[in-house]
Amino acid sequence: MDQKSLVALLHGRQFVAVDNAGGLSGPQTVFTYEVTGDVVKGSYAGGAIAEGTLLGKVVGPDRISLVYHCLTADGLLKAGWSEGVVAVDHKGIVSLAFEWGWLSKDAGSSETSSYAELKN
């Protein structure tokens, strides 16, 4: 996959968590991505997340590196980092697999999660 392909796979698309046992986002949290050149940005909300934003960059043909922050539905501010791999399955569904961790509380720990494209 080249950078143009990665941009096409992420830009303007929405994703939901399919596996995120250690995190706050779940199937009700919708992530929307925008990609311009090497810059990745987006927003997310739903479920335990009142509102969140992410910012990062393309770091390889199928890889992105992000920082994110959110306000939870309980009123907590959280911030973290993630390193992600973008893939497409045999049905053409785009997926994201992340290693991630919090920058705030529990710094130094990391988790993994998976996301799938949300089809309307």
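The following exercises, with worked solutions, concern a predicted model.

**Exercise 1. The barrel**

Determine which strands make up the closed barrel and how they pair.

Solution. Step 1: the barrel is closed and has 8 strands, in the order β1-β2-β3-β4-β5-β6-β7-β8, with antiparallel pairing. Step 2: on average, neighbouring strands of this sheet are turned by 30° against each other, direction ignored.

**Exercise 2. From β4 to β6**

Follow the chain from β4 through β5 to β6, and state how many bridges join β4 to β5 and how many join β5 to β6.

Solution. Step 1: β4 and β5 run antiparallel and are joined by 10 bridges. These two strands form a hairpin with 2 residues between them. Across this pairing, V58 stands opposite I64 in β5. Step 2: β5 and β6 also run antiparallel, joined by 9 bridges. Here C70 stands opposite K78 in β6. Step 3: the hairpin of β5 and β6 has 4 residues between the strands, and in this hairpin G75 takes a positive phi near 90°.

**Exercise 3. The two partners of β7**

Describe the pairing of β7 with β6 and with β8, and identify the bridge partners of S82, W81 and A97.

Solution. Step 1: strand β6 (residues 77-88) is joined to β7 by 9 bridges, and the two run antiparallel. The bridge partner of S82 in β7 is W100, while that of W81 in β7 is G101. Step 2: the hairpin of β6 and β7 has 5 residues between the strands, and G92 takes a positive phi near 85° in this hairpin. Step 3: on the pairing with strand β8 (residues 111-117), β7 has 6 bridges in the antiparallel sense. The bridge partner of A97 in β8 is S114.

**Exercise 4. The pair of F15 and Y33**

Classify the aromatic pair of F15 and Y33, and explain why it ties together separate parts of the sequence.

Solution. Step 1: the structure holds 4 aromatic pairs. One of them is formed by F15 and Y33, with 5.5 Å centre to centre and 90° between the planes. Planes over 60 degrees apart count as edge-to-face, and this pair is accordingly edge-to-face. Step 2: F15 lies in strand β1 (residues 14-19) and Y33 in strand β2 (residues 30-36), so the pair ties together parts 18 residues apart in sequence. Step 3: residues under 20% relative accessible area count as buried. F15, with a relative accessible area of 0%, is buried; Y33, at 2%, is buried as well.

**Exercise 5. The surroundings of W102**

Classify the pair of Y68 and W102, and state which residues form one aromatic cluster with W102 and which charged end sits over the ring of W102.

Solution. Step 1: the ring centres of Y68 and W102 are 6.0 Å apart and the planes stand at 70°, so this pair is edge-to-face. Step 2: Y68 belongs to strand β5 (residues 63-72) and W102 to strand β7 (residues 94-102), so the pair links distant parts of the chain, 34 residues apart. Step 3: Y68 is buried, with a relative accessible area of 13%, and W102 is buried at 12%. Step 4: Y68, W100 and W102 form one aromatic cluster. Step 5: the charged end of K78 sits over the ring of W102, 4.4 Å from the centre of that ring.

**Exercise 6. The largest nonpolar core**

Identify the residues that touch the most other members of the largest nonpolar core, and list the contacts of I64.

Solution. Step 1: this core has 24 residues, of which L10, Y33 and I64 touch the most other members. Step 2: two or more residues come from each of α1 (3-10), β1, β2, β3 (39-46), β4 (49-60), β5 and β7. The largest share, 5 residues, is given by β7. Step 3: leaving aside neighbours within four places in sequence, I64 is in contact with L6, L10, Y33, V40, K57, V58, V59, S82, E83, G84 and F98.

**Exercise 7. The position of G42**

Is G42 buried or exposed, and what are the contacts of G42?

Solution. Step 1: G42 has its place in strand β3. Step 2: the relative accessible area of G42 is 14%, so this residue is buried. Step 3: apart from neighbours within four places in sequence, the contacts of G42 are T32, Y33, G52, T53 and L54. Step 4: T29 is 13 residues from G42 in sequence, and 13 Å separate the two in space, C-alpha to C-alpha.

Technical notes. Residues numbered from 1 in each chain as written. Predicted model: local features only at pLDDT ≥ 70, side-chain atom pairs only at ≥ 80, totals over all residues. Heavy atoms only, no water. Phe/Tyr/Trp six-rings, centres within 6.5 Å; stacked < 30°, edge-to-face > 60°. Buried < 20%, exposed > 50% of the residue type's maximum accessible area, 1.4 Å probe, protein only. Lys NZ or Arg CZ within 6 Å of the ring centre and 35° of its normal. Pairing = 2+ DSSP bridges. Core = buried A, V, L, I, M, F, W, Y, C linked by side-chain atoms within 4.5 Å. Contact = heavy atoms within 4.5 Å. Axes fitted to C-alpha atoms, helices over the stretch in contact; angles between N-to-C directions.
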